[in-house]
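Reader: I would like to learn how to read a model like this one, feature by feature. Could we go through it together?

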Amino acid sequence: MRVLIVGCGYAGLAVGLELVKQGHEVSGLRRSAIGQDELKDAGLQPLVADITKPEQLARLPVPFDWVVNMVSSSKGGSEEYREVYLQGTRNLIEWLTPTPLRKFVYTSSTSVYGQSDGSVVKESSPTTPESATSRLLVETEKLLVDAARTNKFPSAILRVAGIYGPGRGHLFQQYLKNEARIAGQGQRLINMIHRDDLSSAVIAALKDARPGEVYNAVDDEPVAQIHFFRWLSETLGKNMPPFASEAENATRKRGLTNKKVSNRRLRTELGCTLKYPTFRQGYTAEILRLDQAGLLEIELEPR
Ligand SMILES: NC(=O)c1ccc[n+]([C@@H]2O[C@H](COP(=O)([O-])OP(=O)(O)OC[C@H]3O[C@@H](n4cnc5c(N)ncnc54)[C@H](OP(=O)(O)O)[C@@H]3O)[C@@H](O)[C@H]2O)c1
């Protein structure tokens, strides 16, 4: 297949590498030309365009059989989200609609679930998040579902949990730097997926996802923050992080969600098997990698 990975960053590059290994012809698109060598070394054809600018898309070499939209707004606010996710996706649909596209996969986020009661959420659960940025992701999904239903645009959606893997994982890195704090009583649930399992999920969706359908991309075990830190603490022989102050908790509280995201559909309908079914396998691999590279600097805090 001729494949285009739009937003070929941390997770996109892993998808590209795997597809190249499987014998596909893969192009990776970024907004800037920085990092082109990284794409070339991985066997991908580097492309540069800003998806918020239709005239730049028009210059790219269509057609593609499979397209994955993995752009990320790099944590911006509502304006960036509106531009990059909503308008960017609209531009991609318009650009690709006249082409013989077979599948389009968009990596949305589990942040579209606003549930804060610790309940299990599946793809049919309500998506009414409090945060303005997550509501823009819901709008982006709607655009793709409508395009699939009304124009037969072959799009499917993956709702992706927090991505971790080599060199990534926000709480883990904060913990290593002694900057982590346990929020509240530490009971808030974290939903995660290892980068390599996300890569498998994207490829499974390219092959087997049904247009207009949504699949959660998350591992088997949502974990309470305090249990995550306890496991790290025992594994690394390092103190638990301190609890956040009342003032810190008060500023963080608004819009925080708390839910168990189900991956049943990913496993049963896309047949995806996870290499790292829980954070324990995934972070064991990362800790080993860091240790073998001499990068695991544990600074034990005085108690
Ligand atoms: N990270 C998470 O925990 C998480 C959680 C849920 C969902 N997701 C979703 O998963 C996907 C992959 O995330 P990631 O962490 O791998 O992202 P990433 O490393 O930040 O990479 C994003 C890529 O998007 C490109 N990009 C940004 N704006 C663009 C634009 N206007 N036009 C063209 N390319 C643009 C960037 O190119 P430049 O580097 O050249 O700017 C970069 O290559 C994203 O869709 C993200 O929203 C991520």
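Author: Gladly! Let us begin with accessibility: a residue is called buried under 20% relative accessible area, exposed over 50%, and partly exposed in between. Keep in mind that this is a predicted model.

Reader: Is Lys152 buried or exposed by that scale?

Author: Lys152 has a relative accessible area of 74%, so it counts as exposed. Its place in the fold is the loop between α5 and β7 (155-160). Lys152 also has a phi near 55 degrees, a positive value in a residue other than glycine.

Reader: Which other residue that is not a glycine has a positive phi?

Author: Look at Asn178, where phi is about 60 degrees. Asn178 sits in the loop between α6 (170-176) and β9 (189-190).

Reader: While we are on the backbone, where is there a cis peptide bond?

Author: Check omega for this one: it is about 5 degrees at the bond joining Val62 and Pro63, which is cis. Pro63 belongs to the loop between α3 (54-57) and β4 (66-69).

Reader: Now the interior, please. What should I expect of nonpolar side chains?

Author: In soluble globular proteins, they tend to be buried together. Here the largest nonpolar core has 37 residues, and those touching the most other members are Leu4, Val6, Leu29, Val67, Trp95, Phe104 and Phe153. Two or more residues each come from β1 (2-6), α4 (78-96), β5 and α5 (132-151). The element that gives the most to this core is α4, with eight residues. There is another core apart from it, of 33 residues, including Leu198, Val202, Ala209 and Leu274.

Reader: What does Leu29 touch, beyond residues up to four places away in sequence?

Author: With those set aside, Leu29 touches Leu4, Ile5, Val6, Gly7, Cys8, Leu47, Ala49, Ile51 and Leu60.

Reader: Could you show me how to read a residue in a strand, say Thr107?

Author: Start with its element, strand β5. Next comes accessibility: Thr107 is at 12%, and because buried means under 20%, Thr107 is buried. Then list its contacts: leaving out residues up to four places away in sequence, Thr107 touches Asn69, Met70, Leu158, Val160 and Val202.

Reader: And how would I read Ile163 in the same way?

Author: Ile163 lies in strand β8. Its relative accessibility is 28%, so Ile163 counts as partly exposed. Beyond its neighbours within four places in sequence, Ile163 contacts Tyr10, Ala11, Arg168, Gly169, Ile193, Arg195 and Leu198. You can also follow a pair across the chain: Ile163 and Val218 are 55 residues apart along it, with 8.9 Å between their C-alpha atoms.

Reader: Let us finish with the ligand. How many residues surround it, and which are closest?

Author: The ligand is surrounded by 24 residues, and the closest are Ala11, Ser32, Asp50, Val71 and Arg168. By class, this shell holds 12 nonpolar, eight polar and four charged residues.

Reader: Which atoms of the protein should I look at beside the oxygen atoms of the ligand?

Author: Try three places. At Ala11, a backbone N or O atom lies 2.8 Å from a ligand oxygen. In the side chain of Tyr85, an N or O atom is 2.9 Å from an oxygen atom of the ligand. A polar side-chain atom of Arg168 is 2.8 Å from a ligand oxygen. On its own the ligand has 920 Å² of accessible area, and the protein covers 83% of that.

Reader: Which elements give two or more residues to the shell around the ligand?

Author: They are α1 (10-21), β2 (25-30), β5 (103-109) and β8 (162-164). The largest share, three residues, comes from β5.

Note on methods:
Residues are numbered from 1 along each chain as its sequence is written. This is a predicted model: local features need pLDDT of at least 70, side-chain atom pairs count only at pLDDT 80 or more; totals for chains, interfaces and linings use all residues. Side-chain values use heavy atoms; hydrogens and water are left out. A residue is near a molecule or strand if one of its heavy atoms lies within 4 Å of it. A polar contact is a pair of N or O atoms within 3.5 Å; within protein, one must be able to donate a hydrogen and the other to accept it, and residues adjacent in sequence count only if both atoms are side-chain atoms. Accessible areas come from the Shrake-Rupley method with a 1.4 Å probe; for residues, only the protein chains shown count as cover. Helices (H or I, at least four residues) and strands (E, at least two) are DSSP runs, numbered from the N terminus. Ala, Val, Leu, Ile, Met, Phe, Trp, Tyr, Cys and Pro count as nonpolar, Asp, Glu, Lys and Arg as charged, and the others, Gly among them, as polar. A nonpolar core is a set of buried Ala, Val, Leu, Ile, Met, Phe, Trp, Tyr and Cys residues joined through side-chain atoms within 4.5 Å. Buried means under 20% relative accessible area, exposed over 50%, partly exposed in between (1.4 Å probe, protein chains only). Contact means heavy atoms within 4.5 Å.
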